[in-house]
Amino acid sequence: MATGAALQVNNMNVSYGESRVLFDASLTFPASAVSVIVGRNGAGKTTLLKAIAGFLKPGSGSVVLGGDEITGLRPYQVVRKGLKYIPQDKEVFSDLTVRENLELASYAMKDHDWSKVLRYFPKLQQLMHRKGAYLSGGERQMLMMGRAILGKTHVLLVDEPTEGLAPSIVQDLVAAFKQLASHCTLVLVEQNLAVARELADQLYLMKEGKVVAHLADRAGIESLAFEKDL
Amino acid sequence: MMRLLKTYGTILLVFAGVGVLRLALPGAFLIHVTIFSIYTMAFSFLMGRLGLVSFGQPAYMGIAAYGTGLYLHYFGTNPLLGMMVGIIAGVAFAGVIGGLFVRLSSSYFTLANLALCAIGFFVFQRALVHITRGDTGLWYLGRMERWPLLNFRDPDHFLTFALIVAAGIWIVVKGLDRSVFGAACLAVKANERKLQFLGYNTYRIKWLGFVMANSIAAVAGTLYAVYFGFVSPAIMDVLRAPEVVVVGLLGGVGSLYGPLIGTFVYIAMQDLVSAIFVYWELVVGTMLVLVMMAGERGIASLLESAPRLLRMRARHDRSSAG
Amino acid sequence: MSVPELAGTVVIGLAMSAIFFMLSVGLSLSYGLMRIVSLDQFLYYSVGAYMTYVVTSQAGNFWLGLLTGVIASCTLALTVEKSLYRRIYEKGVMFSMITSYGVLLVGIGAIKYIWGLVPRPVMTPIVGHVSLLGTTLPVYRFVVIGLAVVLYIGLRLFLERTIVGKAIRAGIEDVDKTEGLGIDVYRIFTLVFLLTAGLSALAGGIHAPLIMVDPHMGLKIIATAFMIVIIGGLGSIKGTVVSSLLIGQVMAFGFTIWAPAAEMAPFVIMLLVFLIRPTGLYGSQYLRR
Ligand SMILES: Nc1ncnc2c1ncn2[C@@H]1O[C@H](COP(=O)(O)OP(=O)(O)O)[C@@H](O)[C@H]1O
Ligand SMILES: [Mg+2]
């Protein structure tokens, strides 16, 4: 197997009770590259990310993070190994302020230096005392990403970050992802093909719980079209 | 007719079998098993078919027992009429309380029932002491009419009567399980929200199921009332509320014969244990923890599902080998 | 009702509220965070009371007894948490309720075995009285009320100012997201469980001089404690405070008017609350899992 992989998923199967939703998924995410996973709603993208992050127990298969097997670890242990997962729902703790949200991540990761966070997401500075409940979707996404990059971060899994956001905010996020890409391995689930094409170094296509295509060259990625391929 | 007998014949056979055990076992034990298994059936119906766990079942049994007891103590002497009064009281009570309680989400439902039971105990022990005579209880054993064919003071008569009642209840429950209503109950248990989306009135289904289940508890209550010829607040003691939960889980909730098997094992054990050991809480508590940790499914469903499990295991082995 | 009578009743009610609060706030918090209904807390309540009884009668020091009770209960709670709850947390509310009832029963059996069935009296640690609005009231009741107020303020400060408190509040909103930050939520669960056990034990010890200590004391107070939690709304501390105050007063006035009413009234209130809000006064309907 390739040694340059930051994260590798081998033959993963996941079921919810009786219904199986992920079939033998194998994916490789090279270090310092941006990988994008695309697929229609219900294809199993979220399920894949949750299983990698330890929130779902796979029926079989393994997850290897930088040479370490992390299959079956509890989610907090996975996080402490430097693999962060940002869920799709854009929910931050609504009763806690932005500052308190960041404090919790600092406490968990033992990293109290917020300069990096504020460099990537300067807007958070003015929002420090606002409660999560009163943030906009874009602000919540930024806060979630800010929380995630505290402490060591080798791999960042982000589930549909641009879903439901205004185009100008999407552009801000894309810029932030481009900067982040030089610090860690990014794995994005993205339905917005324009964003996917702009960011992806490689791309996986999922359909009905299976990985059906892997495009590792720019030409293939550029030619991707929604109606035709998804 | 043949089809009915084929469907329900097993039930008749099982309860006839319990009757035959009388040749080897004391009548009092078998009567206790029969009545308590009816009581457990009510709990099992609630939990297994509606997903409602009640920690206050003694209340529903106790109300009916008091209905019977008050009638036989103050008004009449006909035990069958007394039982009717008790059952009507129990059903009416379940109807009113059910209307309030089945709206509650599961934790609230369980705790509200616990509170209800505590209050019921208190009402019959203290608040209505002038009528119920508190802990002294109401006595009417001598007042009950006796008939040549049905003498409630004769254990064998009573056992036969109780077994027939129990078989009747099991037939009704099995019939319900096979009906549209039974399917609706299970659907509510599995996914209530989905059913609501589809436009079903899940509240009505739950209410009806709740009333049916506690009508069964009411029957158990009236049977105890005429069997002992005496009723006291002890019947709805909140301290005994967990007992039926233990027995229900021991037999496996939702299965048809679980309540009977669980009760049989539990009462046999209790009789053996309490003969040598007075701290029954130690035994019941330990059993409860062990049963839960062992996997929630109880003895009966383990027996029922063993063949299916084996088949599934075999298939799994084949598919993973291939 | 005269002014002295009124003042006396209010103070008695407040002292009851104080004990109810100590007993139910932890239950509510545990439900909010771990989605468990931990009936074994009523064992720790009894253990707290019994240890207070033992130390008070043997060594003559009530406060030392209280401390012993809290330590003993927390040790017991830690054992139960480590051996059983790790498997309970994943299974949901019903499972926890039934299993913990088993633990409670075992404990009651053990208490009966050790101390027998006879109720035991505990000496009041402070025998003085104060005059207030024309009536004399035992100082001890004011101490109880004061202690509850201190605990409430302490709990609020803990939850709002400390990082662990913030993690608890975050966990009440969403356990998975809290763990997703890299926080070992099971350690926080253990902490809240012990906090609840400590508060239950304290409630038991404090309550002991006002009642008799007996093996069934835990079972006797379950219904009231849970009515308070339910009326307030599962998972809400504010709700617990409000309903403790409400039920304390209702019971105190009930006792002075018609004793049987005192035990009935909370139930009536609970039914009324259910008619209006099926999730209690401050409970969120989204708090389910
Ligand atoms: N908690 C769940 N229980 C049962 N089925 C689920 C659950 N979550 C998702 N599914 C099912 O799994 C499949 C994949 O879902 P998901 O991973 O969320 O897809 P995607 O993120 O690609 O839209 C879907 O068919 C969905 O209905
Ligand atoms: Mg998704």
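**Ligand shell, metal site and selected residues**

In the shell around ligand 1, helix 1 of chain A supplies the largest share, three residues. The model is predicted, and the description below follows that shell outwards to the metal ion and then to a few residues elsewhere. The neighbours of ligand 1 are A:Tyr16, A:Val21, A:Arg40, A:Asn41, A:Gly42, A:Ala43, A:Gly44, A:Lys45, A:Thr46 and A:Thr47. By character, this shell comprises three nonpolar, five polar and two charged residues.

Polar backbone atoms of the protein face oxygen atoms of ligand 1 at several places. For A:Gly42, the distance between such a backbone atom and a ligand oxygen is 2.7 Å. The corresponding distance is 2.9 Å for A:Gly44 and 3.2 Å for A:Ala43. Ligand 1 on its own would expose 560 Å², of which the protein buries 56%.

The magnesium ion, ligand 2, brings one of these shell residues back into view. Its coordination involves OG1 of A:Thr46 and OE1 of A:Gln88, at 2.0 to 2.4 Å. Because A:Thr46 belongs to helix 1 (residues 45-53) of chain A while A:Gln88 sits in the loop between strand 6 (83-86) and helix 3 (98-109), the pair ties together parts that are 42 residues apart in sequence. A:Thr46 is partly exposed, at a relative accessible area of 23%, and A:Gln88 is likewise partly exposed, at 22%. Both values can be set against the cut-off for burial, which is under 20% relative accessible area.

Two residues other than glycine deserve a look for their backbone angles. In strand 1 (residues 5-16) of chain A, A:Asn11 adopts a positive phi, near 45 degrees. The relative accessibility of A:Asn11 is 41%, making this residue partly exposed. On chain B, B:Arg133 also has a positive phi, of about 55 degrees, although it is not a glycine. B:Arg133 lies in the loop between helix 6 (129-132) and strand 1 (138-139) of chain B, and its relative accessibility of 37% places it among partly exposed residues.

A buried position completes the picture for chain B. B:Ser44 is part of helix 2 (residues 27-50) of that chain, and its relative accessible area is 1%, so the residue counts as buried. Leaving aside residues up to four places away in sequence, B:Ser44 is in contact with B:Arg49, B:Gly252, B:Val253, B:Gly254, B:Ser255 and B:Pro259.

Terms used
Residues are numbered from 1 along each chain as its sequence is written. Chains are lettered from A and ligands numbered from 1 in the order in which they are written. This is a predicted model: local features need pLDDT of at least 70, side-chain atom pairs count only at pLDDT 80 or more; totals for chains, interfaces and linings use all residues. Side-chain values use heavy atoms; hydrogens and water are left out. Donors are N, O and S atoms within 2.8 Å of the metal (3.2 Å for Na, K and Ca); water is not among the atoms, so sites may look incomplete. Helices (H or I, at least four residues) and strands (E, at least two) are DSSP runs, numbered from the N terminus. Buried means under 20% relative accessible area, exposed over 50%, partly exposed in between (1.4 Å probe, protein chains only). A residue is near a molecule or strand if one of its heavy atoms lies within 4 Å of it. A polar contact is a pair of N or O atoms within 3.5 Å; within protein, one must be able to donate a hydrogen and the other to accept it, and residues adjacent in sequence count only if both atoms are side-chain atoms. Accessible areas come from the Shrake-Rupley method with a 1.4 Å probe; for residues, only the protein chains shown count as cover. Ala, Val, Leu, Ile, Met, Phe, Trp, Tyr, Cys and Pro count as nonpolar, Asp, Glu, Lys and Arg as charged, and the others, Gly among them, as polar. Contact means heavy atoms within 4.5 Å.
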